[in-house]
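The following note sets out comments on the structure shown below. The points begin with a single helix and then turn to the contact and to each chain.

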Amino acid sequence: MDDLRKYAAELLEKGEVAAVIGYQQVSEKRTKPIIAKTAEDCAKLVFNEYCLNNLAVYLTKARVKELRRVNGAVLKLAITAKPCDVHGIVALIQESQLKREDVTIISFNCAGVVKDFGMDFNGETLATKCVPCDTHKPLYSDMVFGEEKETPKVSDEVLAKIESIEKMSAAERFEYFKAEFDKCIKCYACRAACPLCYCQRCITDKTIPRWVESSAHSRGNFSWNVVRAFHLSGRCIGCGECERACPMDIPLSLLNRKMVIEAKEAYSYISGRSLETPTLVGSFDVKDSDELFM
Amino acid sequence: MSEEKWEPKIVAFVCNWCTYTGADLAGTSRLKYPTNVKLIRVMCSGGIDPVFILKAFERGADGILVSGCHPNDCHYNAGNFHARRRWEFFDELLKFLGIEEGRLQFSWVSASEGKKFVDVVTKVTNDVKAMGQFKAYKDLNDEFTAKFPEPVLNEKEIIMSEEDAK
């Protein structure tokens with residue numbers, strides 16, 4: 001922990017970065033994001049299995065971009081990121097929201113995080129997104145801290161759920177998702193927590209014509225959740241922040257995971273893994289499957 | 001409306017350069033095709049946003065056809081290639097969410113394929129007729145309109161009203 005704090009303070013001292021976006025401990029089993037601008041702030045930085053937030057979300061917010069201006073100069077931003085959060089940063093760079101040289105990535109060897117704050121870290125409380133995770137070391141980083149540790153092995157509940165849904169009939173599936181979406185209160189926390197939902201003006205905010213009904217009613221809820229899942233298909237990095245942010249516990253990761261599987265099977269593409277490849281939905285191949293079309 | 005009299009409402013989003021012209025050719029060639037289909041002309045199949053599809057279902061469509069130029073024939077070179085990837089995902093998503101296969105269909109029809117346009121439209125109409133009314137989404141719709149009545153028809157928004165159905 002001390003080397004992380006020292007490194008962050010050095011970056012600030014040297015004037016390389018304007019701020020370090022990181023985690024600070026709130027209580028024994030809870031952390032919160034902090035934007036460290038001074039050496040005192042850096043002394044609060046931590047990294048452990050309670051660092052749940054995906055801080056990549058801060059890199060897209062216009063307000064945070066303002067941070068980079070210090071005394072007339074535009075400096076870099078440093079960010080502490082779990083290996084999975086690095087995927088988010090990579091996806092943002094792929095989509096030209098950010099330049100690699102504008103961000104200093106401080107990453108960690110990660111063995112997984114807990115489902116929610118206040119839990120002890122073990123196999124049972126391992127976050128669902130960590131179960132299928134295959135990147136315990138960051139793919140891109142400027143500095144890596146922490147020792148490599150074993151991730152607890154547990155069965156993949158989300159995958160099992162997806163498989164059981166696929167076995168249902170169309171009508172049953174519609175009923176299942178209708179019941180789940182009916183819980184939605186249209187707070188758009190999923191949108192706010194998602195590092196890839198960065199549109200300055202979301203389609204749900206457009207009123208002439210009103211494409212997505214704004215009322216929290218079955219019809220509006222259905223179209224909102226379909227539109228959200230579709231806009232993330234082929235792009236979702238599977239950080240699970242939308243589901244964690246959801247106050248109504250809608251299983252959003254089911255939809256996201258399904259589309260991640262789809263992208264992997266059809267195009268052998270996983271979002272946020274390589275800075276060299278173009279994004280899946282932003283590019284095309286003449287040889288793509290034509291099966292769908294009459 | 002009695003069961004016998006029910007006719008499916010089908011919305012076809014077609015691209016200006018190929019399928020719309022193909023439909024035009026079908027007309028000028030005096031070919032007959034089901035009148036259930038309502039064409040909506042857009043400039044390119046790549047410009048059809050999936051929310052158009054959701055909106056059409058919300059407004060009571062029983063089936064939807066999306067049609068554009070054959071690959072490599074796009075007027076804008078790559079519009080239909082981009083569309084192809086997107087529709088692949090959208091189709092999978094809708095299937096996963098429980099919208100039956102066949103409610104949303106896709107085709108490539110070129111400007112010279114008046115006959116193919118007739119075949120495609122006939123197939124979609126027959127498929128949807130066999131499936132019957134799109135009840136699942138209609139229920140969402142009825143609940144919604146009971147709570148929030150339809151706005152008065154105006155020029156800005158074209159609304160499929162009950163009058164159209166008759």
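1. Helix α5 of chain B, residues 135-147, has the length expected of a helix in this predicted model. At 1.5 Å a residue, its 13 residues should span 18 Å, and the C-alpha atoms at its two ends do lie 18 Å apart, so the expected and computed spans agree.

2. Three residues of α5(B) are to be noted as buried: B:Ala136, B:Tyr137 and B:Leu140. They lie on the same side of α5(B), because the arc they cover around the axis is only 95 degrees. The general geometry is familiar: an α-helix has 3.6 residues a turn, so residues three or four places apart point the same way.

3. Which exposed residues does the face of α5(B) turned away from its buried side carry? They are B:Lys135 and B:Ala146.

4. The cover over the buried residues of α5(B) draws on both chains. It includes α6 (170-181) and α8 (218-232) from chain A, together with α2 (50-58) from chain B itself.

5. The contact between the chains involves 34 residues from chain A and 38 residues from chain B. On the side of chain A that touches chain B, α6, α8 and α10 (252-267) each supply at least two residues. The largest share there comes from α8(A), with eight residues. By residue class, this side of chain A divides into 22 nonpolar, six polar and six charged residues. Helices α6 and α8 of chain A thus appear in two roles: they are among the elements covering the buried residues of α5(B), and they also supply residues to the side of chain A that touches chain B.

6. Chain B contains six helices and four strands. Along the sequence their order is β-α-β-α-β-α-β-α-α-α. Of its 166 residues, 45% count as buried. Among contacts in chain B with a separation of 6 or more, 82% are accounted for by residues 24 or more positions apart.

7. Chain A has 10 helices and eight strands. How does the radius of gyration of chain A stand against that of a compact globule? For 294 residues a compact globule would have a value near 19 Å, and chain A has 20 Å, which agrees. Taken along the principal axes, the C-alpha atoms of chain A fill a box of roughly 60 × 45 × 40 Å.

8. Burial and contact range may also be recorded for chain A. Of its 294 residues, 39% count as buried. Of the contacts in chain A between residues at least 6 apart in sequence, 71% join residues at least 24 apart.

Methods:
Residues numbered from 1 in each chain as written. Chains lettered and ligands numbered in written order. Predicted model: local features only at pLDDT ≥ 70, side-chain atom pairs only at ≥ 80, totals over all residues. Expected span 1.5 Å × (residues − 1). Buried ≥ 20, exposed ≤ 12 C-beta atoms within 10 Å, placed from the backbone. Arc of directions from axis to C-beta. Contact = placed C-beta atoms within 7 Å. Nonpolar A, V, L, I, M, F, W, Y, C, P; charged D, E, K, R; others polar. Rg over C-alpha atoms; globule rule 2.2 N^0.38 Å.
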